[in-house]
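Visitor: Please take a close look at one part of this model, the stretch around a single connecting segment and the helix it leads into. After that, set it beside other parts of the chain, in plain terms.

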Amino acid sequence: MDEAYSLLWTTAFTWSMTPLLAQVAQGSPPMGGQVSTSSSFSNLRCRNANEDWMSALCPQLWDVPLHHLSIPGSHDTMTYCLNKKSPISHEESRLLQLLNKAFPCITHPVVLKWSVTQALDVTEQLDAGVRYLDLRIAHMLEGSEKNLHFVHMVYTTALVEDTLTEISEWLERHPREVVILACRNFEGLSEDLHEYLVACIKNIFGDMLCPRGELPTLRQLWSRGQQVIVSYEDESSLGRHCELWPGIPYWWGNTAKTEALIRYLETMKSCGRPGGLFVAGTNLTENLQYVLAHPSESLEKMTLPNLPRLSAWVREQHPGPGSRCTNVIAGDFVGADSFVGDVIALNQKLLWC
């Protein structure tokens, strides 16, 4: 999150805290003190219809390069396990960190409820059909020397090494599925920690890694036993390791309004798609006006009512090499509706060409 956005969020938070402070002064618990999973997800843990969707594609699509396929992704993949006891990220504004120290029982629940973007864990997301994982990696100053976490305003309970191992074990059970791991953010990572992280990636995935080069097809990946493409947004690391791919462009609308987000995505399409892998983000983003108007809400409450309109936009898209075609489409709270299946189904349009 850049400095301007962090300051904007802090201002909104400071204003929205006023009624919550009054509740505490009166002896009442603050609203939104717990991060809960919506009932929309209550039946999702049994749905694995898309866990092998790549291997189930029509054979005609096995020879289509990955950047011309339609691939579902999750935005801020790891936020389902944000740590309620974690400090505020050191990249957030000083004011927000001070508020967290002064009023932790209020500040932390409010920050958490606007930071959680996913309800399913990483294995459940893979089972649901997600194949692009947005991994924001950080080293906590208060943490152990080699322990890397994920971050979105606060840090996760999950460690990066454990999560990568979980993904590897899932891939071993699904040998014809391919995942794209977008490693980014890298808060607090020194060059030594970058080398440690890359070594973990190589050790955990081994021959599953597809080295940098021309974007492959599924058939090519299967013939080589490769299942993992790692994009890594650190130029110096890219130069040292051929297993890493450049960062993948992500179209981020930065708006709380669904129609504004759709207009942004359509504008980006009109400018022409990037040459390789890229992501169209269907995730809404809270802003000062929205948080002030909805101090007791959450990102989940803001997002879920807008999913039908966003899904309708998704169903109108078309993968392929055309200038207005889409590739990876990522969203928040994947599994809450038909989003993943809708993105996968777009691949059928390639058979009509």
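Guide: Helices and strands here are DSSP runs, a helix having at least four residues and a strand at least two, and they are numbered from the N terminus. In those terms, Ser89 lies in the loop between β1 and α2. The model is predicted, and the protein chain has an average pLDDT of 88, with 86% of the residues scoring at least 70.

Begin with Ser89 itself. Its relative accessibility is 2%, and so Ser89 counts as buried, the cut-off for that term being under 20%. Beyond its neighbours within four places in sequence, Ser89 is in contact with Gln97, Val151, Met153, Val154, Tyr155 and Glu187.

The loop between β1 (71–74) and α2 (94–102) also holds Asp76. With a relative accessibility of 3%, Asp76 therefore counts as buried. Its backbone deserves a look as well: phi of Asp76 is near 50°, a positive value in a residue other than glycine. Most residues other than glycine have a negative phi.

The loop leads to α2, and α2 packs against helix α3 (residues 104–113). Two packed helices are described by the angle between their axes and the distance between the axes. For α2 and α3 the angle is about 130° and the axes are 6 Å apart, which makes α2 oblique to α3. From α2, the residues in this contact are Leu96, Leu99, Asn100, Lys101 and Ala102. They meet Pro104, Thr107, His108 and Val111 of α3. By class, the residues of the contact of α2 with α3 divide into 5 nonpolar, 3 polar and 1 charged.

A second helix pair can be set beside this one. The axes of helix α9 (residues 258–270) and helix α12 (residues 307–315) come within 10 Å and cross at roughly 20°. Angles under 35 degrees count as roughly parallel, and α9 and α12 are therefore roughly parallel to each other. The crossing of α9 past α12 is right-handed. On the α12 side, Arg309, Leu310 and Trp313 take part; they are met by Thr258, Glu259, Leu261, Ile262, Leu265, Glu266 and Lys269 of α9. The residues of the contact of α9 with α12 divide into 5 nonpolar, 1 polar and 4 charged.

The loop between β8 (250–251) and α9 contains Asn254. Asn254 has a positive phi of about 50° although it is not a glycine. At 41% relative accessibility, Asn254 counts as partly exposed, whereas Asp76 counts as buried at 3%.

One strand residue is also worth a look. Tyr232 is found in strand β6 (residues 228–232), and its relative accessibility of 0% is why Tyr232 counts as buried. Not counting residues up to four places away in sequence, Tyr232 touches a list of residues including Cys183, Phe186, His194, Leu197 and Val198. Among the others it touches are Ser237, Leu238, Trp245 and Pro246. The C-alpha atoms of Tyr232 and Arg184 are separated by 6.2 Å, with these positions 48 residues apart along the chain.

A caution belongs with all this. Over residues 20–39 pLDDT stays under 50, and for this stretch the model has 28 contacts beyond four places in sequence. Where pLDDT is low, the predicted coordinates should not be read in detail.

How values were computed
Residues are numbered from 1 along each chain as its sequence is written. This is a predicted model: local features need pLDDT of at least 70, side-chain atom pairs count only at pLDDT 80 or more; totals for chains, interfaces and linings use all residues. Side-chain values use heavy atoms; hydrogens and water are left out. pLDDT is the predictor's confidence in each residue, from 0 to 100. Contact means heavy atoms within 4.5 Å. Axes are lines fitted to C-alpha atoms, for helices over the stretch in contact, and angles run from 0 to 180 degrees between N-to-C directions. Angles under 35 degrees count as roughly parallel, over 145 as roughly antiparallel, 65 to 115 as roughly perpendicular and the rest as oblique. A crossing is left-handed if the near helix is turned anticlockwise from the far one by less than a right angle, and right-handed if clockwise. Ala, Val, Leu, Ile, Met, Phe, Trp, Tyr, Cys and Pro count as nonpolar, Asp, Glu, Lys and Arg as charged, and the others, Gly among them, as polar. Buried means under 20% relative accessible area, exposed over 50%, partly exposed in between (1.4 Å probe, protein chains only).
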